[in-house]
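The following report goes through packing, aromatic pairs, salt bridges and surface features in turn. It is meant to be read alongside the sequence and the coordinates.

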Amino acid sequence: MENNFWKEWSKLVIMLIGTLIVWIGFIFICDKYFGKSFEEMRFIHYFIFMVLIMKAKNIFLKRIKKDEETDKEVFALRPMTCPFQYYVYKAEQHSYRDLPLRMGELGLVHRHEKSGQLHGLMRVRCFTQDDAHIFMMPEQIRDEIKGVARLIDEVYQLFGFKYHVELSTRPENSMGSDELWEISTNALREAIEIAGVPYQINEGDGAFYGPKIDFHLVDAIGRTWQCGTIQLDFQLPQRFELEYQGADGEKHRPIMIHRVVFGSIERFIGILIEHFAGAFPTWLAPVQVRVLPISDKYMDYAEQVKKSLDEAGIR
């Protein structure tokens with residue numbers, strides 16, 4: 001009985017430490033992202049699954065019907081952030097003057113990973129994703145992609161990570177016309193070439209709705225991790241009937257970028273811990289300074305030093 005108590009208590013402590021780390025990451029990301037013209041938002045972590053099914057036209061998702069016995073809607077844990085931000089966009093009318101419109105969220109999403117595939121912080125069933133969507137006009141594509149690429153580079157350089165870039169093209173299982181795929185792939189290619197970013201082609205590994213640029217981190221022992229991504233999407237704005245009023249007074253369809261910098265915050269923290277072997281740089285360390293008086297007679301002075309450090313924001 002006592003062993004079970006301490007086992008459960010240790011689990012709780014680990015959860016609290018993990019929550020603290022994610023919260024520190026949240027503060028950092030808010031400073032980096034939402035200071036760059038991104039609108040921050042929060043959503044509930046479950047939803048009526050039929051809404052998503054209906055808007056996706058049943059192309060890639062399995063239909064879930066009402067429970068015939070109770071006549072209740074089927075609810076599900078949120079697997080992605082995308083549709084929620086689409087509905088925020090649809091809640092108001094938009095003009096071409098509003099674009100580009102950038103929405104970002106640190107949201108919980110869920111995956112039903114098999115138990116044998118779970119791996120520490122690297123692969124979990126519930127994780128925090130720094131997902132954002134940029135709604136824009138065709139002529140804004142290059143500048144927005146370059147802006148996101150700069151942001152990703154800035155963050156990775158800050159942590160001391162090297163990385164390489166891949167342009168992932170149309171997969172076998174996809175939606176949309178060949179023409180739109182060619183336009184969107186060329187737009188991504190031109191944007192990263194203009195930005196001067198070296199890249200490789202990763203054939204057939206794009207998202208089902210559009211091509212993407214993937215950023216692969218290289219950790220301290222040479223392993224690669226795909227974290228950041230920039231995905232160009234012509235398809236889902238059509239599926240969800242997103243619109244804006246153009247300068248000509250007519251309705252137009254926006255183009256959308258899906259982007260993440262960290263991907264899974266938990267996985268990024270795991271990569272970071274292993275990369276630094278726990279010896280974090282001072283600015284990132286949970287504890288930056290310890291004050292150790294060598295005698296009781298110095299306790300008052302030690303308290304003054306501690307107070308000065310606290311006021312200076314030193315942890």
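A residue counts as buried under 20% relative accessible area, as exposed over 50%, and as partly exposed in between. By that cut-off Y87, with a relative accessible area of 30%, is partly exposed. The model discussed here is a predicted one.

**Aromatic pairs**

A search of the whole structure yields 12 aromatic pairs. In one of them, the ring centres of Y87 and F240 are 6.2 Å apart and the planes stand at 85°, so the pair is edge-to-face. Because Y87 belongs to helix α3 (residues 82-90) and F240 to the loop between α6 (236-239) and β10 (244-245), this pair ties together parts that are 153 residues apart in sequence. While Y87 is partly exposed, F240 has a relative accessible area of 4% and is buried. Another edge-to-face pair is formed by F159 and F268, at 5.3 Å centre to centre and with 70° between the planes. Since F159 lies in helix α4 and F268 in helix α7, the parts that this pair ties together are 109 residues apart in sequence. Both F159 and F268 are buried, and one aromatic cluster is made up of F159, F161, F262, F268 and W283.

**Nonpolar cores**

The largest nonpolar core has 39 residues, of which Y156, I213, I230, L232 and F268 touch the most other members. Among the elements that each supply at least two residues of this core are β5 (126-136), α4 (141-159), β9 (224-233) and α7, and the largest share, nine residues, comes from α4. Leaving aside neighbours within four places in sequence, the contacts of L232 include M136, I141, L188, Y209, I255 and I257. A second, separate core of 16 residues includes F135, L236, L242 and M256.

**Salt bridges**

Side chains of opposite charge can pair when their charged atoms come close. The structure holds eight salt bridges, and three of them are listed here with the distance between the closest N and O atoms.

| Salt bridge | Closest N and O atoms |
|---|---|
| E113 and R123 | 3.1 Å |
| D214 and K212 | 3.5 Å |
| K306 and D310 | 3.1 Å |

E113 and R123 both lie in the loop between β4 (101-110) and β5, so their salt bridge ties together parts that are 10 residues apart in sequence. E113 counts as buried at 14% relative accessibility, whereas R123, at 37%, is partly exposed. In the second bridge, D214 and K212 are both buried. K306 and D310 both lie in helix α8, four residues apart, which is about one turn of the helix; K306 is partly exposed with a relative accessible area of 41%, and D310 counts as partly exposed at 45%. Salt bridges that share partners also join D219, R223 and E274 into one network.

**Surface features**

V289, V291 and I314 form a nonpolar patch on the surface, with about 190 Å² of accessible area together. Of these residues, V289 is located in the loop between α7 (265-276) and α8 (299-311) and, at 38% relative accessibility, counts as partly exposed. K251, in strand β11 (residues 251-252), is partly exposed as well, with a relative accessible area of 49%. Not counting residues up to four places away in sequence, K251 touches E243 and Y244. The C-alpha atoms of K251 and Y96 are separated by 9.8 Å, although the two residues are 155 residues apart along the chain.

Key: Residues are numbered from 1 along each chain as its sequence is written. This is a predicted model: local features need pLDDT of at least 70, side-chain atom pairs count only at pLDDT 80 or more; totals for chains, interfaces and linings use all residues. Side-chain values use heavy atoms; hydrogens and water are left out. Patches are made of residues with over 30% relative accessible area and no salt bridge: like charges are joined within 9 Å, nonpolar side chains (Val, Leu, Ile, Met, Phe, Trp, Tyr) within 5 Å. Accessible areas come from the Shrake-Rupley method with a 1.4 Å probe; for residues, only the protein chains shown count as cover. A salt bridge is a side-chain nitrogen of Lys or Arg within 4 Å of a carboxyl oxygen of Asp or Glu. Buried means under 20% relative accessible area, exposed over 50%, partly exposed in between (1.4 Å probe, protein chains only). Contact means heavy atoms within 4.5 Å. A nonpolar core is a set of buried Ala, Val, Leu, Ile, Met, Phe, Trp, Tyr and Cys residues joined through side-chain atoms within 4.5 Å. Rings of Phe, Tyr and Trp (its six-membered ring) pair if their centres lie within 6.5 Å; planes under 30 degrees apart count as stacked, over 60 as edge-to-face and the rest as tilted.
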